[in-house]
Amino acid sequence: MILVNTDYITGKELEMLGMVKGSTIQSKNIGKDITQGLKTIVGGELKAYTEMMNEARALATKRMVEEAEALGADAIVNIRYASSSVTQGAAEVIVYGTAVKCR
């Protein structure tokens, strides 16, 4: 599966199959929330949240690819990511793009 954030793939003619997306809502446990909250006092990277967001993006991307494969796609173009806070310590990540078949 080819994944790109452009609306084309150089040298390929594309047949559009439709929009696909994947999403997840992730949170850390209360212990991580407390330690990360204390980290905000002194500053620096909140590594537990960085890890959480990386895991969320990977899972959302996997779900989007599965949806595209079900349509018979060879690639997904024009991929975009978005995230939003759902509650304190929990975030939604959504990824979407256009599933295409390369000719």
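In which sense do β2 and strand β4 pair, and over how many bridges? In this predicted model, in which local features need pLDDT of at least 70, side-chain atom pairs count only at pLDDT 80 or more, and totals for chains, interfaces and linings use all residues, β2 and β4 (residues 90–102) pair in the antiparallel sense over 13 bridges, two strands being taken to pair if DSSP finds at least two bridges between them. Residues are numbered from 1 along each chain as its sequence is written, and side-chain values use heavy atoms, with hydrogens and water left out. Within the β2–β4 pairing, glycine 18 stands opposite alanine 99 of β4.

The protein contains two helices and four strands, arranged along the sequence as β-β-α-α-β-β; helices (H or I, at least four residues) and strands (E, at least two) are DSSP runs numbered from the N terminus. The four strands form an open sheet with mixed pairing and the order β1-β3-β4-β2, in which β1 (2–3) and β2 (14–27) are the edge strands, each pairing on one side only.

Helix α2 comprises 24 residues (47–70), for which a rise of 1.5 Å a residue gives an expected span of 34 Å, calculated as 1.5 Å times one less than the number of residues; the C-alpha atoms at its ends are 35 Å apart, in agreement with that value. The helix lies across β1, β2, β3 (75–87) and β4, running at about 145° to β2, where axes are lines fitted to C-alpha atoms, for helices over the stretch in contact (heavy atoms within 4.5 Å), and angles run from 0 to 180 degrees between N-to-C directions. Buried residues (under 20% relative accessible area, with a 1.4 Å probe and protein chains only) in α2 include Ala48, Met52, Ala56, Met64 and Ala68. Just after α2, glycine 72 takes a positive phi of about 85°.

The largest nonpolar core, a set of buried Ala, Val, Leu, Ile, Met, Phe, Trp, Tyr and Cys residues joined through side-chain atoms within 4.5 Å, has 15 residues, and those with the most contacts inside it are Val20, Met64, Ala68 and Ile76. Its largest share, seven residues, comes from α2. Apart from this core lies another, of six residues, among them Ile9, Leu14, Val77 and Cys102. When residues up to four places away in sequence are not counted, valine 20 touches Met64, Ala68, Ile76 and Val95, among others. Over the whole protein, buried residues make up 30% of the 103 residues.

Technical notes
Buried means under 20% relative accessible area, exposed over 50%, partly exposed in between (1.4 Å probe, protein chains only).
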